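Reader: I would like a close look at one part of this protein: the sheet and what packs on it. Please take me through it strand by strand, with the residues named.

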Amino acid sequence: MLSFFGLIAVAVIAVVVVIAIGSGSGSGGLQPKQQAAKTYGVVRQELAGIPQHGERLGSADAKVTMTYIGDLECPYCRAFTMTVLPQFISHYVRDDKVKMMYRSLCTATCHFNTSRFVPQQVAAYAAGKQNRFWQYAELFYREQEDETQPYVTAHYLRGLATQIPGLRFKRWLADRKDPALASQVQADARFVARRRLPGQTPEVLMSGPRGSVYLPASAAPTLTWLISAVSKVS
């Protein structure tokens, strides 16, 4: 078994590999059924048994809050989500030391097609109304395509929803029409603006009893930094 610091080294290497390989399946985003089932199996194992409520992952009583600011089409968010986040979740969120909150910010998406951003984020937040936001977001990142391509269609968004066992699809469709979810996306942008953050993704804000620390996307959030940040604010 790797030591915890060995895991840190593996995570750094994995981030580089994920970005170098590129995103998605190369076939319009959605994976073939058999591969999609395997992908969901990885997500299920990562999240199993951890409480969710809306965009929160982890116990509401956790003293430290990690706010993850991301764009579902951002390739660097994909790398962070697939390589760094699982280890952090395993060691800190699962043990009720940290709860995670997700906030959206249009970065990679808005470089090419701003109109896609609100619908794709609302789709994820609609899954959150059934406490499956993190399943939806993780699948989106894992089946992500090149942001320069128009792969985020109604078919793609619906396809992700159908890959989540237990998600009530008709309710999800209805919830996507809730104007409060679109307002929530706008509130996320105001959250970033009020704190005068640079507005890149993935950005991480760690808050706890001893204050807050922030890591900009340009520094590439690593497992080492997340561990250090938890210590500083705890």
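Author: Strand 5 and strand 6 are joined by a hairpin, with two residues between them. The model is a predicted one, and the description below should be read as such. Strand 6 covers residues 211-215, and the pair runs antiparallel, held by five bridges. Within this pairing, leucine 215 of strand 6 is the residue opposite valine 204.

On its other partner, strand 5 (residues 203-208) meets strand 3 (residues 64-70), again antiparallel and again over five bridges. Here valine 204 of strand 5 has tyrosine 68 opposite. Valine 204 can therefore be followed in both directions, with leucine 215 opposite in strand 6 and tyrosine 68 opposite in the pairing with strand 3.

Tyrosine 68 continues the row, since tyrosine 102 in strand 4 stands opposite it. Strand 4 takes in residues 98-104, and its pairing with strand 3 is parallel, with seven bridges. Put together, the sheet is open, has six strands in the order 1-2-4-3-5-6, and mixes its pairing. Strand 1 (52-53) and strand 6 are the edge strands; each has a single partner, so one side of each lacks a neighbour in the sheet.

Methionine 206 is a useful residue to look at inside strand 5. Its relative accessible area is 0%, which means that methionine 206 counts as buried. Setting aside residues within four places in sequence, methionine 206 contacts Val64, Thr65 and Met66, Gly211, Ser212 and Val213, and also Phe88, Trp225, Leu226, Ala229, Val230 and Val233. Methionine 100 is 106 residues away from methionine 206 along the chain, yet their C-alpha atoms are 9.2 Å apart.

Next come the helices on the sheet. Helix 8 (residues 179-194) packs there and touches strand 3, strand 4 and strand 5, its direction making about 105° with that of strand 4. Helix 5 lies across strand 1, strand 2 (56-57), strand 3 and strand 4, and runs at about 60° to strand 4.

Helix 5 (residues 133-142) also meets helix 6 (residues 154-162): their axes come within 9 Å and cross at roughly 125°. The two helices are therefore oblique to each other, and the crossing is right-handed. Helix 5 contributes Tyr136, Leu139 and Phe140 to the contact, while helix 6 contributes Tyr156, Leu157, Leu160 and Ala161. Of the residues in this contact, seven are nonpolar, with no polar and no charged ones.

One polar side chain deserves a separate word: glutamine 121, in helix 4 (residues 117-128). Glutamine 121 has a relative accessible area of 0% and so is buried. Beyond residues up to four places away in sequence, glutamine 121 touches Leu72, Tyr102, Ser104, Phe133 and Val185. Tyr102 is the residue already met opposite tyrosine 68.

As for the whole chain, there are nine helices and six strands. Of its 234 residues, 50% are buried. Among contacts with a separation of 6 or more, 73% are between residues 24 or more positions apart.

Definitions and conventions
Residues numbered from 1 in each chain as written. Predicted model: local features only at pLDDT ≥ 70, side-chain atom pairs only at ≥ 80, totals over all residues. Heavy atoms only, no water. Axes fitted to C-alpha atoms, helices over the stretch in contact; angles between N-to-C directions. Helix = DSSP H or I, 4+ residues; strand = E, 2+ residues; numbered from the N terminus. Parallel < 35°, antiparallel > 145°, perpendicular 65-115°, else oblique. Left-handed = near helix turned anticlockwise from the far one by under 90°. Contact = heavy atoms within 4.5 Å. Pairing = 2+ DSSP bridges. Buried < 20%, exposed > 50% of the residue type's maximum accessible area, 1.4 Å probe, protein only.
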